[in-house]
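Visitor: I have some questions about the cysteines, the rings and the strands of this molecule. Could you take me through them one at a time?

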Amino acid sequence: MISYLNKNDDMIQPKLFDYDLHKDVVAFSTTRRGGFSTGAYGEFNINRYCGDDAEAIRKNRALLCQQLGISDDRLIMPHQVHLVQSVQIDEAFFALSEEDRQTRLEGIDAVMTNLSDVCIGVSTADCIPLLVYDPRQHVVAAIHAGWRGTVQRIAQQTIADMTTAYGSQPADLRVQIGPGISLDSFEVGDEVYDAFAAAGFDMKSISRREAKWHIDLPECNHLQLIAAGVPEAHISVADICTIKQSDTFFSARRLGIQSGRIFTGIIRK
């Protein structure tokens with residue numbers, strides 16, 4: 001459901017798409033509504049790596065942090081590179097300088113933490129975001145799964161990393177798959193189809209042929225989660241196509257690379 005925040009006379013409030021993942025977490029995706037960005041970045045973008053105005057980003061981050069009740073340094077967003085590297089956010093991370101914290105977040109596509117009042121998240125604009133909560137170990141994770149990360153099975157790798165770092169068991173996990181490009185909209189070349197086939201995916205269940213191949217990225221990640229041992233009943237899918245709903249959610253294919261990004265985040269209460 002979309003949560004409309006109370007208006008403040010001095011601020012434009014962001015409109016968030018909330019997920020009912022678990023009572024002990026706040027989980028959401030930002031929409032394009034309710035911030036200071038303009039043009040293809042309008043209105044609400046907090047991604048520093050896509051060309052938006054730095055002051056608009058600063059104001060938008062302040063709005064989101066106010067909504068979440070955290071300071072700006074507790075809003076964690078990595079610089080993603082379509083690989084499978086994850087990072088753990090612990091108290092030692094916050095003892096680092098701002099420059100060193102940014103260095104730790106370079107080349108990272110999955111973030112996890114067992115700290116409360118820390119919002120971790122990933123940026124997407126057609127790629128697939130996943131949020132994970134382990135209610136037994138009180139661990140949260142956010143995963144960025146573009147097609148390259150999906151081929152490399154980043155969802156499964158992150159669950160393995162959670163098991164190593166925190167003792168998480170896949171059967172305990174709750175997972176939300178957020179807004180992303182749908183099977184109908186994700187038209188790909190033969191080289192992308194071949195990459196999935198070479199990686200051992202069941203192509204009959206994740207693709208179909210029209211004028212070109214189409215691949216179902218949400219389903220690819222859904223199947224990975226099940227293969228990793230997450231119960232199907234513990235997996236929710238937003239069923240939002242960013243291409244079809246680009247008026248509400250950013251889509252790089254529709255708006256161009258120089259445009260805003262959805263931030264899909266999770267925070268332990």
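Visitor: Let's begin with the cysteines. How many disulfides are there?

Guide: Gladly, and please keep in mind that this is a predicted model. A disulfide is a covalent bond between the sulfur atoms of two cysteines. Here a pair would need its sulfur atoms within 2.5 Å. By that rule, the number of disulfides is zero.

Visitor: Which cysteine has the sulfur nearest to that of C50, and how far away is it?

Guide: C50 takes part in no disulfide. Its relative accessible area is 4%, so C50 is buried. The nearest cysteine sulfur belongs to C127, at 13 Å.

Visitor: And why does C241 have no bond to the closest cysteine sulfur?

Guide: C241 is buried as well, because its relative accessible area is 6%. A bond would call for sulfur atoms within 2.5 Å. The closest cysteine sulfur, in C127, is too far from that of C241, because the gap is 13 Å.

Visitor: On to the rings. How are the planes of F28 and F263 arranged: stacked, edge-to-face or tilted?

Guide: This is one of seven aromatic pairs. Planes under 30 degrees apart would be stacked and those over 60 edge-to-face. With ring centres 6.1 Å apart and planes at 50°, the pair of F28 and F263 is therefore tilted.

Visitor: How many residues separate F28 and F263 along the chain?

Guide: F28 belongs to strand β3 (residues 25-30), while F263 belongs to strand β15 (residues 262-268). Their pair links distant parts of the chain, and the separation is 235 residues.

Visitor: Is F263 buried or exposed?

Guide: Its partner F28 has a relative accessible area of 0%, so F28 is buried. The cut-off for that label is under 20%. F263 has a relative accessibility of 1%, so F263 too counts as buried.

Visitor: Which helices does the pair of W147 and F196 tie together?

Guide: The rings of W147 and F196 form a tilted pair, 6.4 Å centre to centre with 40° between the planes. W147 and F196 are 49 residues apart in sequence. The pair ties together helix α4 (residues 147-151), which holds W147, and helix α6 (residues 190-198), which holds F196.

Visitor: Which label fits W147: buried, partly exposed or exposed?

Guide: F196 is buried, because its relative accessible area is 0%. W147 has a relative accessibility of 23%, and the partly exposed range begins where buried, under 20%, ends. W147 therefore counts as partly exposed.

Visitor: Which ring does the charged end of R153 sit over?

Guide: There are two such arrangements to look at. R74 lies over the face of F94, 4.3 Å from the ring centre. The charged end of R153 is 4.3 Å from the centre of its ring, and that ring belongs to F201.

Visitor: Now the strands. Which residue is the bridge partner of F17 in β3?

Guide: F17 is linked by ring pairs with Y19 and F249 into a cluster. Strand β2 (residues 15-19) has four of its five residues buried. A hairpin of five residues connects β2 to β3, and four bridges join these antiparallel strands. Opposite F17, the bridge partner in β3 is S29.

Visitor: Which strands form the edges of the six-stranded open sheet?

Guide: Strands of a sheet pair through backbone hydrogen bonds, either parallel or antiparallel. In this open sheet the pairing is mixed and the order is β5-β6-β9-β8-β10-β14. An edge strand pairs on one side only, and here the edges are β5 (86-89) and β14 (235-237).

Visitor: Which residue in β9 does L130 stand opposite?

Guide: Strands β8 (residues 128-134) and β9 (residues 139-145) run antiparallel, joined by seven bridges. Helix α5 (residues 154-166) lies across β5, β6 (110-113), β8 and β9, at about 155° to β9. The residue of β9 opposite L130 is I143.

Visitor: Is E232 buried or exposed?

Guide: E232 lies in the loop between α8 (217-228) and β14. Apart from neighbours within four places in sequence, E232 is in contact with H222 and I226. Its relative accessible area is 52%, above the 50% cut-off, so E232 is exposed.

Definitions and conventions. Residues numbered from 1 in each chain as written. Predicted model: local features only at pLDDT ≥ 70, side-chain atom pairs only at ≥ 80, totals over all residues. Heavy atoms only, no water. Pairing = 2+ DSSP bridges. Helix = DSSP H or I, 4+ residues; strand = E, 2+ residues; numbered from the N terminus. Contact = heavy atoms within 4.5 Å. Axes fitted to C-alpha atoms, helices over the stretch in contact; angles between N-to-C directions. Phe/Tyr/Trp six-rings, centres within 6.5 Å; stacked < 30°, edge-to-face > 60°. Buried < 20%, exposed > 50% of the residue type's maximum accessible area, 1.4 Å probe, protein only. Lys NZ or Arg CZ within 6 Å of the ring centre and 35° of its normal.
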